[in-house]
Amino acid sequence: MDKESIEESRLEEGMVTNFEKEMSYGDYLNLDQVLSSQRLLSGHHDEMLFIVIHQTSELWMKLILHELTAATEHITEGRLEPSFKMLSRISRVQQQLVQSWNVLSTLTPSDYMEFRDKLGNSSGFQSFQNRMIESAMGQKNKPILAVFRHQPDLYESLVSELNKPSIYDAAIGALAARGFPIEESMLNRDWSEPYVENESVEKAWLAVYRDVHQYWDLYELAEKLVDIGSQQQFWRFNHMSTVERIIGQRMGTGGSTGVNYLKKVVNQPFFPELWTLRTKL
């Protein structure tokens, strides 16, 4: 049997091989664009790793935003159960992002210094999507938006997200809708301001946790939120740890204090009452 016959024998009957007028796998995924977007600015081997890690992270973040937006809409409209699958998916995606730092940690300090100067002032804290995620999860940061003023469309999207209720605000609204006495100031506040812990919110969550059977859906919602809050903190910690492993205490490329800046961020938990109630149960 000649080589051509051997190759043909490996194809199952009915498999499409002519894509001159059909959409292929690569066409559907726009792989020509995706795989040609890794433009190295240095001749160093490890710059490819650095670019791919950050590009794939942005794709995962896009999926998180997609799910987070839909989950928030479901919760706001009183449909808690459909949000659970979305929140579970977000947690799984976050695990992928956490593991990505383990891959990047194979980049040694010496290797990174071979191309770090090529980054200019670009830095991870300028990630538009990460800012959107943190805002959607309740950590509003108005001053950081100045970084995006040179991109009007992105800037307007960030301002819009800043002024929306977060997924935690939606969850608090769900508590109020079920009859829990939430202070009015928590239901009609300036959504662009950072969230501040509130006693009425904590008491409501405590009541949910003390009567799980009666409030099972709210309890499940709370635990799903704890999952994504925890994973976001793991991501932050691994980010900080990886940066410290690679550049030590050097200043960040974007002008931040680097590791010291990241350590401050790690100490900013999401959904605070869902953590404080655990001590009081």
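Here is a walk through the core, the cavities and some of the salt bridges of this predicted model.

Let us begin with the nonpolar interior. In soluble globular proteins, nonpolar side chains tend to be buried together. Here the largest nonpolar core holds 69 residues, and the members touching the most others are Tyr-168, Trp-205, Leu-225, Phe-271 and Leu-274. Helix α12, spanning residues 216-247, is the biggest contributor to this core, with eleven residues. If you would like a place to zoom in, try Trp-205: leaving aside residues up to four places away in sequence, its contacts are Tyr-168, Ala-171, Leu-175, Leu-218, Ala-222, Glu-273, Leu-274 and Leu-277.

Next, look for enclosed space. Searching the whole structure turns up two cavities of 30 Å³ or more. The largest has about 80 Å³ of space, and its lining consists of Arg-131, Glu-134, Ser-135, Gln-139, Lys-140, Asn-141, Ile-144, Leu-145, Leu-158 and Leu-162. Two elements, α7 (128-136) and α8 (152-162), each give two or more residues to that lining, and α7 has the largest share, with three. The lining is mixed in character, with four nonpolar, three polar and three charged residues.

The second largest cavity holds about 30 Å³. Around it you will find Met-61, Ile-64, Leu-97, Asn-130, Ile-133, Gln-232 and Trp-235, with α4 (47-76), α7 and α12 each supplying two or more of the lining residues. Five of these residues are nonpolar and two are polar, while none is charged.

Now for the charged pairs. Side chains of opposite charge can pair when their charged atoms come close. The model has ten salt bridges, and three of them are worth a visit. In one, Arg-236 meets Glu-134 at 2.9 Å, N to O. Arg-236 belongs to helix α12 and Glu-134 to helix α7, so this bridge ties together parts 102 residues apart in sequence. Both Arg-236 and Glu-134 are buried, and you have already met Glu-134 in the lining of the largest cavity.

Another bridge joins Glu-202 to Lys-280, at 2.8 Å from N to O. Because Glu-202 sits in helix α11 and Lys-280 in helix α14 (residues 273-280), the pair links parts 78 residues apart in sequence. Glu-202 is buried, at 10% relative accessibility, whereas Lys-280 is partly exposed, at 45%.

Finally, Lys-142 and Glu-193 form a salt bridge whose closest N and O atoms are 3.6 Å apart. Lys-142 lies in the loop between α7 and α8, and Glu-193 in the loop between α10 (184-187) and α11 (199-210), so the pair ties together parts 51 residues apart in sequence. Lys-142 is partly exposed at 41% relative accessibility, and Glu-193 is partly exposed at 36%.

Terms used: Residues numbered from 1 in each chain as written. Predicted model: local features only at pLDDT ≥ 70, side-chain atom pairs only at ≥ 80, totals over all residues. Heavy atoms only, no water. Core = buried A, V, L, I, M, F, W, Y, C linked by side-chain atoms within 4.5 Å. Buried < 20%, exposed > 50% of the residue type's maximum accessible area, 1.4 Å probe, protein only. Helix = DSSP H or I, 4+ residues; strand = E, 2+ residues; numbered from the N terminus. Contact = heavy atoms within 4.5 Å. 1 Å grid on protein atoms, 1.4 Å probe; cavity = no way out; pocket = protein on both sides within 12 Å on 5 of 7 lines; lining within 4 Å. Points joined across faces, edges and corners; volume = space filled by probe spheres on them. Nonpolar A, V, L, I, M, F, W, Y, C, P; charged D, E, K, R; others polar. Salt bridge = Lys/Arg side-chain N within 4 Å of Asp/Glu carboxyl O.
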